[in-house]
Amino acid sequence: MHRLGELYELYIKDIPEAIRRYQAVVDENPKHLEALRGREAALVGQLELELLVFRRGARRHLEHLRHPSILS
């Protein structure tokens with residue numbers, strides 16, 4: 001089942017579903033190393049994406065504050 005997590009993470013690019021799949025394996029076997037690694041990698045990837053989106057939004061907001069007429 002951890003292979004389904006890999007499929008969702010690497011090929012379908014559905015990180016929340018990948019995390020859910022990895023977590024299902026970890027719930028059944030807390031010592032399943034591949035599922036644990038995959039879950040952690042997917043969580044890190046999701047955090048990186050959220051940080052990127054936040055930075056872009058913050059940058060756009062700051063630019064609007066500096067030059068309100070540009071984005072209005």
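This passage describes the helices, a loop residue and the salt bridges of one predicted model. Residues are numbered from 1 along each chain as its sequence is written. In this predicted model, local features need pLDDT of at least 70 and side-chain atom pairs count only at pLDDT 80 or more, while totals for chains, interfaces and linings use all residues; side-chain values use heavy atoms, with hydrogens and water left out.

Helix α1 spans residues 2–12, helices being DSSP runs of H or I of at least four residues, numbered from the N terminus. Its buried residues are H2, G5, Y8 and E9, where buried means under 20% relative accessible area, exposed over 50%, and partly exposed in between (1.4 Å probe, protein chains only). Viewed down the axis of α1, these buried residues fall within an arc of 120°, so they line one face of the helix; the arc is that of the directions from the helix axis to the C-beta atoms. R3 and Y11 are exposed on the other side of α1.

K13 follows α1 and lies in the loop between α1 and α2. Most residues other than glycine have a negative phi. K13, although not a glycine, has a positive phi of about 65°. K13 is exposed, at a relative accessible area of 60%.

Helix α2 (residues 15–28) contains V26, and helix α3 (residues 33–66) contains R39. V26 is buried, with a relative accessible area of 8%, and R39 is buried as well, at 16%. Beyond neighbours within four places in sequence, V26 is in contact with A35, L36 and R39, contact meaning heavy atoms within 4.5 Å. On the same basis, R39 is in contact with I19, Y22, Q23 and V26. The C-alpha atoms of V26 and L36 are separated by 6.5 Å, although the two residues are 10 residues apart along the chain.

Five salt bridges were found in the whole structure, each defined as a side-chain nitrogen of Lys or Arg within 4 Å of a carboxyl oxygen of Asp or Glu. In α2, E17 pairs with R20, the closest N and O atoms being 2.7 Å apart. E17 is buried, at 16%, whereas R20 is partly exposed, at 48%. Salt bridges that share partners join R3, E6 and E34 into one network. Within this network, the closest N and O atoms of R3 and E6 are 3.2 Å apart, and those of E34 and R3 are 4.0 Å apart. The latter pair links distant parts of the chain, with E34 in α3 and R3 in α1, 31 residues apart.

Methods:
Helix = DSSP H or I, 4+ residues; strand = E, 2+ residues; numbered from the N terminus.
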